[in-house]
Structure formats: structure tokens, C-alpha cells
Amino acid sequence: MTLTAPSRPLTREPAATPTLMPAPRSLHVMTWGCQMNAYDSGRMADILRPLGYAPVATPDADLVILNTCHIRERAADKLFSELGRLRTLKEARPGGMLIAVAGCVAQAEGAEILARAPYVDLVMGSQAYHRLPVLLEAVTLGGVPVIDTDFPAEQKFEHLPSNQASQGPIAFLAIQEGCDKFCTFCVVPYTRGAEQSRPAASILAEASRLVALGAREIALLGQNVNAWHGEGPDGKSWPLARLLAALADINDLARLRYTTSHPRDMSADLIAAHRSNAKLMPFLHLPVQSGSDLILAAMNRRHNIDLFRRIVGELRDNRPDIALSSDFIVGFPGETDADFEATMKLVAETGFALAYSFKYSRRPGTPAADAPDQVPEPVKNARLHELQALLRLQQDDFNRAQIGQQFDVLFTGPGRHPGQFAGRSPYLQPVIVDATHLTTGQIAPVRITAANPNSLMASLTDVNTELSREHQAA
Ligand code: SAH
Ligand code: SF4
Ligand code: F3S
């Protein structure tokens, strides 16, 4: 028997904040999917901390949360293989174990998860996790599984506690969630709901807290981040460029990014911010999906190749050192050899520093899943192989072109080998230097000396780096 948690009474109850010291309990969160899911997992741990839950590295824990992704078939399959393993652990564990399924599979499949895996205690959709304390209470008091996949009227983000843990020098901050675009291949509008923008004041407050906790770089997150149009402190609707300008006023915040953008929402003022906002990093993820207008129309992408080309041109005019990354889908229903060649041509003429490419995956309930002209698997495989070979070449070229260049690196901690320190370039490439005197969160200039497939080697160029470091510490 399952109990579907009633949404209204639960939404009105404040998150339980016990006054007595709660009993210590262990929490293990497994995360799949996008950066938004990683951010959500962090926030779940924040909510549970006042209840006595401390994170542990293995699933041998009092509470295990699986934060799932539904984007492609293989991503969703991971949930059930992991649940099988957890069941054995749960049955063998003397203290018992609560298993919660969160995220996009929970949102999409709800009760089906309990039907397939009745040992799951809680199924919680992507908009419900701010209610974790009351949901867990309902599970323990009721002794039956609880499902909450409502899209509540209130904004989840405004109900999350402000006791965030540090994310280190590079932090994520969700500013927008959901999608109204309904690309015909995509589950996100169904799993994350309608587009919502957080108010600027709460974003600025969270950014300041993250900076106080050591963040030097913040990546603003949203499924359609550049569609953000939150309420400003002046009561008016702000565009993203204005929010970025306000964030740039936070002194100790050195770097800003935003991801993932949709070409339709690359407004002129946002493109211009890449020239005027010195803290905005010269690297943009702008998914295009296909180089064929016919396929883009069938995907309901609401942009064509001409618009994408114009945006890229304007971005490069405003910020000549900008580098681009993108997402591609091959084998979308109806994609012919000519459509695929158009994608190859677009990649060749644009030049990407990085890209993610996928075979089209049929997602039940989305319009393209029922299209009659599905592309055979071997054709998809061959196209993916060809596209990835070109993208790999471009990534290698981009990395090699950095050799001899000088830029600032944000150092994130010691490298894998003794005597090394690692950080991130403005283009998010991992950069490794031979140095031990640096500190986490320090920004220092380097010269790139060598390029590996997925990282760069560098030497510090500023002889004063060590001195200025000591000065900072004093
Ligand atoms: N909001 C972003 C990306 C969302 S999902 C955007 O609008 O571009 C991340 C990527 O997964 C997408 O860009 C797309 O390339 C890929 N993707 C989404 N649904 C897919 C599907 N059904 N099959 C294969 N790839 C898919
Ligand atoms: Fe999915 Fe399209 Fe929305 Fe991106 S814009 S999340 S691909 S529906
Ligand atoms: Fe996956 Fe949901 Fe993100 S489907 S990609 S976890 S929005």
C-alpha cells in the first residue's frame, strides 16, 4: 500500500528545526544527471543536516537518496540496477535503511518505482525536496512508502534553508528551473515543470553566502538559464545581464558563468555583457543539437542555423577570446545523411572547444518517440562516431592552441601527484602546475606549457605569487 502525501498541509508546515540535538544519522546521496541535480543533492544534505544526518561515502547508511536523471534511456536504467544492489544492503543492515528516490525519474515514474521496487520508502519529485523533513517524518510515523511528485505553488528555492555547506572555490547556484520550450525529444519540461525564475534578492543573498564560504567562481544554473527573468529588488523584472552585473559587484567573487543557455534567449544585452562584464568568463555552453534546419524544426527547437551563426558571430565580436561548447543529438527521427552532413559542416565552420554528443534516445511520452521514421541503431552509431571524431580533433586543437598562452587560473586544491597544484582555466580546463605553496581559492597567472587530452600543464608566471600568498596569509 502506498500513501500519496497530501501537498497542501505539507507545504504549509515549516521545515522541522529541532531544538534538541538530534541523534546522529548517516546519509548517502548518489547523483546522476546534470549540474542542477548535483546542486539539488547538496541542498538536500543542507536540509537534512539539522536533523542529525551527516554524509558518508558508502551506501551503508541510515538514509540513501538516489537523485536520478531521466534524460536518456540508459540514464534512467541506472536507477533500477542501483536499487537492486541497495535492497540487499538494506535487508542485511541491522539498523535498517531508508531509501529515497529523488530527481527526474522520480518525477516521471512516481508510483511505478514503488511497484517495481516496493522496498523504496520515499519517492520525491524534483520540486518537492524542500519538504524532506516532513516527508521523512511521514515515512517513519506512517510505516508505509510516501510519494510526493506534486509541483507545488510555492517556489522550492525560497523554502530551502540558508545553512549551506561550502562548495569550495567553484560553486553552483540555481537561479532558474524548468522549461517551456518542449523540444520534441526532451523530458525536461515534464520532469522539471514550467519555467520559474528565482527573485534577484535571494540569488544575491545566496551568492554572498557562497562567497563567504570560499567561492571565488559561481556558475549560475538553470535548464534554460538565459530565460531567467526574476524579480529585481526594485520590483521590476530583471534580465540575466542585469543579474550578472549585480553579482559582479560582490568583491571577492572573481568569476561568473551561466549554464545551460538556449539560442532563442541569447538577447542582445546578454551578448553585450560578455564585453562589459569583466567577471564573466569567456566560455559559453550553447547547445545547438543539429546543423540541419529541417531537423531543428522537427525538434521544435524554435531557432534555425542562421540564428545560431549570428549569435556566435556577435559573441565573438564582443569577446574575441570567447570559446564555445555545445550539445548534439544524432539520429533524431527522420535525420537523413544530408541532415547529418549539415551538422558536420556546422561543427567544422564553428569550431567548438568542447562538446557533448548523444544518440537520440526515445523517451516515452515525448512527441518524437512516436515518430515513424526512427533511425536504425547502426546508423546512429556510425554518425555518433564520425561526429565525435571531429569534436575530439577540435577539442585537441583548442587545448594545443593554449600552449604558450598566459592566463589566470583559479586553484582548487592539490593535484593528484605530490608537489602539484590543480585549478581551472577561464575555459574550465583543468590546469596543473608544479607548486606546493599555493592555496585553495587562490587565483594566479600561469603560462601553459603542455596540453593533454583533458588537462593543461602550466608554470606560474608571477614570481610574486608566493610573496603575495604569504601577504594574504599574514
Ligand atoms: N536545456 C538544455 C539541455 C537539456 S538536456 C538545452 O535546451 O539545450 C542536455 C542535453 O541532453 C541536450 O542538450 C540534448 O543534447 C541531450 N538530450 C536531451 N534529450 C535527449 C534524448 N531524448 N536523446 C538524446 N539526447 C538528448
Ligand atoms: Fe529540453 Fe529543449 Fe527545454 Fe532544453 S530547451 S530543456 S532540450 S525541452
Ligand atoms: Fe537529467 Fe533531469 Fe538534469 S532529466 S539532465 S537530471 S534536468
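This briefing describes three groups of paired strands and the surroundings of two ligands. The model is a predicted one. Two of the strand groups are open parallel sheets, one with strands in the order 8-11-12 and one in the order 13-14-15. Ligand 1 draws residues of its shell from strand 14 and strand 15, which ties the second sheet to the description of that ligand.

**The sheet of strands 8, 11 and 12**

- Three strands make up this open sheet, in the order 8-11-12, and their pairing is parallel.
- Strand 8 (170-174) and strand 12 (255-259) are the edge strands; each has a single partner strand, so one side of each lacks a neighbour in the sheet.
- From one strand to the next, the twist averages 25°.
- Strand 11 (residues 217-221) runs parallel to strand 12 and is joined to it by five bridges. In this pairing, I218 is found opposite L256 of strand 12.
- Helix 2 (residues 35-48) lies across strand 8, strand 11 and strand 12, and its direction is at about 95° to strand 8.
- Helix 8 (residues 200-212) lies across strand 8 and strand 11, running at about 160° to strand 8.

**The sheet of strands 13, 14 and 15**

- This open sheet also has three strands, arranged in the order 13-14-15 with parallel pairing.
- The edges are formed by strand 13 (283-285) and strand 15 (354-359); because each has a single partner strand, one side of each is left without a neighbour in the sheet.
- The twist here averages 10° from one strand to the next.
- Strand 13 and strand 14 (residues 323-330) run parallel and are joined by three bridges. L284 stands opposite L324, a residue of strand 14.
- Helix 14 (residues 377-400) packs on the sheet and touches strand 14 and strand 15, with its direction at about 175° to that of strand 15.

**Strands 18, 19 and 20**

- Strands of a sheet pair through backbone hydrogen bonds, in either the parallel or the antiparallel sense. Strand 20 takes part in both kinds of pairing.
- With strand 18 (residues 430-434), strand 20 (residues 456-460) pairs in the parallel sense over three bridges; V433 is opposite A458 of strand 20.
- With strand 19 (residues 443-451), strand 20 pairs in the antiparallel sense over five bridges; R447 is opposite S459 of strand 20.
- Strand 19 and strand 20 form a hairpin, with four residues between them.

**Surroundings of ligand 1**

- Ligand 1 has 15 residues around it, of which F185, Q223, Q289, D327 and S361 come nearest.
- By class, the shell consists of six nonpolar, four polar and five charged residues.
- Strand 14 and strand 15 each contribute at least two residues to this shell.
- Two backbone contacts involve nitrogen of the ligand: a polar backbone atom of F185 is 3.0 Å from a nitrogen atom of ligand 1, and a backbone N or O atom of Q223 is 2.7 Å from a nitrogen atom of ligand 1.
- From the side chain of R301, a polar atom lies 3.4 Å from an oxygen atom of ligand 1.
- Of the 540 Å² of accessible area that ligand 1 has on its own, the protein covers 89%.

**Surroundings of ligand 2**

- The residues around ligand 2 are C179, K181, F182, C183, F185, C186, V188, P189, N224, H262 and R301.
- This shell divides into seven nonpolar, two polar and two charged residues.
- F185 and R301 belong to the surroundings of ligand 2; F185 also has a backbone contact with ligand 1, and R301 a side-chain contact with ligand 1.

Methods. Residues numbered from 1 in each chain as written. Chains lettered and ligands numbered in written order. Predicted model: local features only at pLDDT ≥ 70, side-chain atom pairs only at ≥ 80, totals over all residues. Heavy atoms only, no water. Pairing = 2+ DSSP bridges. Axes fitted to C-alpha atoms, helices over the stretch in contact; angles between N-to-C directions. Contact = heavy atoms within 4.5 Å. Near = heavy atom within 4 Å. Polar contact = N/O pair within 3.5 Å; in protein donor to acceptor, adjacent residues only side chain to side chain. Areas by Shrake-Rupley, 256 points an atom, 1.4 Å probe, with all protein chains shown as cover. Nonpolar A, V, L, I, M, F, W, Y, C, P; charged D, E, K, R; others polar.
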